[in-house]
Amino acid sequence: MFTDKYNTNQEPPISTIADKSFLYEPNNNKFITSSHRNSVFERFIDSKSCFFNTLLPLNKNDCRLNIAFRGHRDNSQHHPTVGKYSLVNGVGNFVELLNYRIRGEDKVLEHHLNSCAKNASYISNSSQNELINYCGKYIQNILISDIKENQFFSIIAVEASDCSNQEQMSLIIRFIDSSFDVREEVMGFLHCKYGLSGEALCKTILLCLKDYSLDISNCRGQGYDGAGSVVGHIKGLAKRIKDYNDKAVYTHCFSHRLNLSVANSCKLQEVRNMMEQVKQLSYFFNFSESRQNLLEAAITKYYPSATKKKLIDACPTRWVERITGLDDFKSLFVPIVFCLEGMSMNLEKMCNKET
């Protein structure tokens, strides 16, 4: 796939494919002329096929494990000597895995990196980006094919600022596949370069659907959060999409509505007091090893089948992050009560006056 865009009928750019085996014939001591480019390019692709057979599975492995492909220092000056460990932090997982394979006696990979030209190693940051883009495009094409097979779809989108303060919109397509399973597939992150108004967001989505060759007339639903630029009945994103297709019914995201409802309920004094008690109890046990040991002993005695032995602080931001802490507190409630009663009586003289 990496070499698909350079076929045998066009001269590939020297900056992309500049290997000595491609540009130079050492036996004749001359550079290859354009009349020989087809046969030489085919030989070049054959010679590199083994290398790419090694390269692409590493890319797949990083994606499967959901780990970063590139690092903070992926320029060639930071790359380790072939087969050695990195001397600086921040070199990406891809480069590290390549050298790990070389240390595992991958002779094809070792020969390539030792003999290739500096601008034909295919492990530079630009080549890594190209590999990532091609793999992403390949996955996108499969998803688009599945969507087109069943014609109708819905769009789900949410906008947020990334760590560099760039406004990004995640676009999800919801559809029913050939097995009649409902699927929601992330198609990509769109840079909101036209702005954050309803008109600008609509333009961003329509251009993206056009790139995917998906007809907006086949859209049967749209789901967003409740922001004004989205739900406005005159100039909002949902209204503008309905202007193109009145069958694209807008639905306010149910998860977002639930989050808003729970967040509003947390303003009640009773709920706030309960959340504060859970937080203080988690701090009380977690910040003292002796108290934590007493809690674990109580859990073992009164709830021996428990899989959790520690309280988790209820996250103060999003409700969905609090649920784990509250679930743990609820399941361990009985051992917690007995533990606190034992500590208050201090029969075993294991607690100080402050406790």
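This is a dialogue in which a biologist asks how to read features of a predicted model and a modeller answers.

Biologist: Let's start with the overview. How many helices and strands does the protein have?

Modeller: The secondary structure comes to 13 helices and seven strands. Please keep in mind throughout that this is a predicted model. Of the 355 residues, 35% count as buried. The protein exposes about 22,100 Å², and carbon and sulfur atoms supply 53% of that area.

Biologist: And what share of the contacts links residues 24 or more positions apart?

Modeller: Such pairs account for 57% of the contacts with a separation of 6 or more. A single case of sequence distance against spatial distance is G92 with D74: they are 18 residues apart in sequence, yet their C-alpha atoms are 6.4 Å apart. G92 sits in the loop between α2 (37-64) and α3 (93-103).

Biologist: Is G92 buried or exposed?

Modeller: Buried, because its relative accessible area is 2%, and the cut-off for buried is under 20%.

Biologist: Now the strands, please. Which strands pair with β3, and in what sense?

Modeller: Take β3, residues 153-161, as the reference. With β6, residues 219-224, β3 pairs in the parallel sense over four bridges. With β4, residues 167-176, β3 runs antiparallel, and eight bridges join the two. For individual partners, I155 is bridged to Q222 in β6, while S154 is bridged to R174 in β4.

Biologist: What lies in the turn between β3 and β4?

Modeller: The two strands form a hairpin with five residues between them, and N165 in the turn has a positive phi of about 65°.

Biologist: How should I read a positive phi?

Modeller: Most residues other than glycine have a negative phi. That makes the exceptions good places to look. Besides N165 in the hairpin turn, there is Q151, with phi near 70°, in the loop between α5 and β3. Another is S213, with phi near 60°, in the loop between α6 and β6.

Biologist: How accessible are Q151 and S213?

Modeller: Q151 counts as partly exposed because its relative accessibility is 42%. S213 also counts as partly exposed, at 48%. The loop that holds S213 also holds N218, and N218 counts as buried, at 16% relative accessibility. Leaving out residues up to four places away in sequence, N218 touches Q151, F152, F153 and N245.

Biologist: Let me zoom in on one strand residue. What surrounds S154?

Modeller: S154 is in strand β3. Apart from neighbours within four places in sequence, S154 is in contact with I172, I173, R174, C219, R220 and G221. One of these, G221, has its backbone nitrogen 3.3 Å from a polar atom of the S154 side chain. With a relative accessible area of 17%, S154 is buried.

Biologist: How do alternating side chains help me read a strand?

Modeller: In a regular strand the side chains alternate between the two faces of the sheet. When you look at β3, keep that in mind while you check which residues belong to the core: F153 and I155 are among those with the most contacts inside the largest nonpolar core.

Biologist: Then how do I read that core?

Modeller: In soluble globular proteins, nonpolar side chains tend to be buried together. Here the largest nonpolar core has 29 residues, and I173, I205, L209, Y224 and I241 join F153 and I155 as those with the most contacts inside it. At least two residues each come from α5 (125-150), β3, β4, β5 (182-191), α6 (198-211), β6 and α8 (237-244). Among these, α6 gives the most, with six residues.

Biologist: Which residues does I205 touch?

Modeller: Not counting residues up to four places away in sequence, I205 touches I155, A157, M169, Y224 and L237. Apart from this core lies another, of 17 residues, including M275, A306, F329 and I336.

Biologist: Last topic: cysteines. How many disulfides are there?

Modeller: A disulfide is a covalent bond between the sulfur atoms of two cysteines. The structure holds zero of them. As for cysteine accessibility, C208 counts as buried at 6%, whereas C135 counts as partly exposed at 21%.

Technical notes: Residues numbered from 1 in each chain as written. Predicted model: local features only at pLDDT ≥ 70, side-chain atom pairs only at ≥ 80, totals over all residues. Heavy atoms only, no water. Pairing = 2+ DSSP bridges. Buried < 20%, exposed > 50% of the residue type's maximum accessible area, 1.4 Å probe, protein only. Polar contact = N/O pair within 3.5 Å; in protein donor to acceptor, adjacent residues only side chain to side chain. Contact = heavy atoms within 4.5 Å. Core = buried A, V, L, I, M, F, W, Y, C linked by side-chain atoms within 4.5 Å. Areas by Shrake-Rupley, 256 points an atom, 1.4 Å probe, with all protein chains shown as cover. Disulfide = S-S within 2.5 Å.
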